[in-house]
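Please look over the sequence and the structure below before reading on. The paragraphs after them lead you from the whole chain down to single residues.

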Amino acid sequence: MQRLCWTVFLQMCIIGMLAAQPAIDKSRLFILLVVPEADTVTTTTATYRLSASTNPGNAVTVNGKQYNVYPSGAFCGKLDVAVGENVFTITASTAAGTSMSKTFVILRPKPMETTRRDTLMLEDALMMPTHDLWLAEGDILQVQVKGTPGGKATFLNGIPMRERPVSQTRGIAGIYRGTYKVKASDTLVSQRITFQLEDSVGNSVSRSTYARVSFKSNTLPVVGVTKGERPYLNAGLGDGRLGAYKFSIINPDIRLRITGKVGNMFRVGLTENQEAWIEDTYVDLQPAGTFFPSSLTGNITVGAEGNQDVVSMFLSDRLPYSTSQLSNPNRIVVNVYGAATNTNAITHQLTAKEITNVYVNQAEKSVSRITIELKSKQMWGYEIGYEGTSLKIKVRRQPESLKLKSLSFAIDAGHGGDNKGALGSTGALEKDVTLAIASHVRRILEDEGATVIFTRSDDTNPGMTERFLKAYRGGADLLVSIHANSIGLTGNPADTKGAGAFYKHTSHRFLSEFILKEMLRTGLDTIGNVGNFNFALLGPTELPSTLVETAFISNPEDEMKLLDDDFRKELAKRIVDGISQFLEYCDE
Ligand SMILES: [Zn+2]
């Protein structure tokens with residue numbers, strides 16, 4: 001159950017922007033309601049988190065039920081929410097017998113029901129498609145509409161739909177679905193899909209989608225060229241709070257084969273069998289007749305530029321790519337899409353220090369794969385880009401000295417400014433706690449003679465790309481992003497606490513693990529070391545990175561620790577110890 005919740009609350013913590021709290025005079029008897037975030041909230045869930053506080057030592061009931069009040073004055077729980085209006089009254093009483101109350105309301109609308117059977121109608125609920133679509137030959141248009149059960153539903157001027165069995169719809173009758181495979185000759189220009197529902201005596205009613213659909217068999221695929229700062233390809237259309245899973249961070253001026261569109265996301269055909277998605281703001285479409293991206297791979301040179309090892313591969317076109325990593329030995333794998341391998345020479349110039357071997361093969365049709373073997377047991381990062389149309393993979397060497405004083409560390413305090421992050425029961429804000437811990441980490445590192453790049457030093461919220469570029473362009477050797485965790489809106493804050501660490505790329509796992517192990521020496525519980533984590537600062541391959549969720553600010557026990565500056569100092573010390581142990585491991 002804990003595992004199930006993680007993604008929800010982590011995402012809350014990372015994106016979290018909850019409503020501002022009014023100032024409260026804590027010298028008087030008070031009740032501070034933190035979650036729910038307003039005196040009236042609406043939910044579709046059967047439970048709701050309660051996080052609140054009062055003067056320490058008070059007794060608290062909610063609708064007559066006694067709650068545990070922590071030494072900080074925090075109290076919390078999981079409220080049962082029935083369909084309809086749920087009124088909750090918190091009463092806080094002092095030892096002297098004075099008391100006050102605060103009332104709040106949680107509304108839970110009725111769940112969806114079958115459309116009335118006595119009137120022929122179609123509804124907006126459950127209507128699909130929900131986003132504008134560009135479809136090409138062979139694509140399947142999938143549509144859905146909800147209306148009076150037992151009718152005859154059609155779309156696109158007469159294509160029949162089927163009513164779904166109630167066994168598949170949680171008992172709701174009258175949900176109709178249909179599909180249509182787009183033909184080469186089909187054209188449809190930004191049209192709403194109109195549904196028609198007819199009853200047994202020939203009455204009919206119609207309704208149209210808000211989404212507009214285009215059949216573009218005659219104009220798709222089309223060439224698109226990337227633009228903007230660090231455009232990226234997503235693997236799919238996931239829409240969690242962290243966004244879709246990032247498949248590859250690419251560069252401007254890369255040519256893509258655009259094969260369709262859903263909402264604001266272009267579909268990219270990387271190969272016949274593989275696709276990715278990119279936001280339309282990152283793409284300029286090219287005129288019809290523009291040649292599609294493709295290239296033979298040319299010769300490869302392995303050498304050095306400055307203090308980096310560099311692999312250069314000649315191509316005639318700037319093709320999209322993706323990268324992954326393998327260990328034992330450490331290898332960087334780069335797939336180049338639209339490429340046919342034609343490399344007749346891989347010249348090792350004998351100047352490379354980190355790269356031990358490079359080879360290239362045709363991984364599948366139109367995918368040329370470069371594999372780079374490395375010497376060190378830790379990867380220190382690599383950057384993939386183009387010079388002209390030559391693909392360059394710049395590999396960072398292990399720093400010559402792995403002493404703290406010889407290195408540069410990017411320390412990122414999560415959230416800031418309007419982005420408060422997660423909330424504690426006493427009104428503690430994640431953005432303040434992260435900055436306090438990060439500032440201790442900074443001082444400890446600087447006392448050791450290390451260089452620290454702070455992504456924010458005040459109450460502001462730089463964007464993720466801005467934070468990353470500040471770290472990377474500032475010459476950071478590694479990056480640690482500091483956060484505090486939170487349970488989601490349906491759980492009991494008392495149930496989940498402890499530290500966690502997160503990484504995305506497999507080569508960053510040990511940095512994460514060493515820091516987590518050290519943090520646990522403070523006595524914190526743990527939720528573990530979590531890989532493949534789709535947090536924006538962990539996506540870049542340019543330097544090792546980790547996200548540490550120090551403790552659960554939503555948990556009253558953890559919150560008390562996070563508000564204790566001595567504990568924060570100890571935690572900061574442990575984070576630096578973890579970094580030191582990671583460096584020793586690299587040096588062995
Ligand atoms: Zn956070």
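What follows begins with the chain as a whole and then turns to strands, cores, a helix and a group of charged side chains.

The model is predicted, so local features are used only at a pLDDT of at least 70 and side-chain atom pairs only at pLDDT 80 or more, while totals for chains, interfaces and linings use all residues. Residues are numbered from 1 along each chain as its sequence is written, and side-chain values use heavy atoms, with hydrogens and water left out.

The chain has six helices and 41 strands; these are DSSP runs numbered from the N terminus, a helix being H or I over at least four residues and a strand being E over at least two. Along the principal axes, the C-alpha atoms fill a box of roughly 85 × 85 × 35 Å. Of the 588 residues, 54% count as buried, where buried means under 20% relative accessible area, exposed means over 50%, and partly exposed lies in between (1.4 Å probe, protein chains only). If one takes the contacts (heavy atoms within 4.5 Å) with a separation of 6 or more, residues 24 or more positions apart account for 69% of them.

Strand 4, residues 59-62, is a good place to start with the strands. Strands of a sheet pair through backbone hydrogen bonds, either parallel or antiparallel, and here two strands are said to pair if DSSP finds at least two bridges between them. Strand 4 runs antiparallel to strand 7 (residues 84-93), to which four bridges join it, and Thr61 has Thr91 as its bridge partner there. Three bridges join strand 4 to strand 5 (residues 65-67), again in an antiparallel arrangement, with Val60 and Tyr67 as bridge partners. Strands 4 and 5 form a hairpin with two residues between them, and Asn63 in the turn has a positive phi of about 50°. In a regular strand the side chains alternate between the two faces of the sheet. In strand 4, Val60 and Val62 make up the covered face, whereas Ala59 and Thr61 make up the uncovered one.

Further along the chain, five strands form an open sheet of mixed pairing, in the order 31-26-27-35-34. Its edge strands, each pairing on one side only, are strand 31 (346-348) and strand 34 (382-387). Strand 34 is joined by six bridges to strand 35 (residues 390-396), and the two run antiparallel; Tyr386 has Leu391 in strand 35 as its bridge partner.

Strands 34 and 35 also appear in the surroundings of helix 3, since what covers the buried residues of this helix includes them together with strand 36 (408-413), strand 37 (451-454) and strand 38 (478-485). Helix 3 spans residues 464-473, and its buried residues include Arg467, Phe468 and Leu469. Arg467 counts as buried because its relative accessibility is 1%, and, leaving out residues up to four places away in sequence, Arg467 touches ten residues, among them Asp412, His415, Asn461 and Leu537. After the helix comes Gly475, whose phi is positive, near 90°.

What holds a nonpolar core together in this description is a set of buried Ala, Val, Leu, Ile, Met, Phe, Trp, Tyr and Cys residues joined through side-chain atoms within 4.5 Å. The largest such core has 45 residues, of which Phe409, Ile411 and Ile575 touch the most other members. Its largest share, 10 residues, comes from helix 6. Phe409 touches residues including Leu445, Val452, Leu478, Ile579 and Leu583, not counting those up to four places away in sequence.

Helix 6 also takes part in a group of charged side chains. Side chains of opposite charge can pair when their charged atoms come close; a salt bridge is counted when a side-chain nitrogen of Lys or Arg lies within 4 Å of a carboxyl oxygen of Asp or Glu, and the whole structure has 29 of them. Arg574 lies in helix 6 (residues 565-587) and is buried because its relative accessible area is 17%. Arg574 meets Glu518 in a salt bridge (4.0 Å, N to O), a pair that links distant parts of the chain, with Glu518 in helix 4 and Arg574 in helix 6, 56 residues apart. Arg574 also meets Glu570 in a salt bridge (3.9 Å, N to O), and these two lie four residues apart in helix 6, about one turn of the helix. Glu518, which is buried with a relative accessible area of 5%, forms a further salt bridge with Arg521, the closest N and O atoms being 3.2 Å apart, whereas Arg521 counts as exposed at 51% relative accessibility. Salt bridges that share partners join Glu518, Arg521, Glu570, Lys573, Arg574 and Asp577 into one network.
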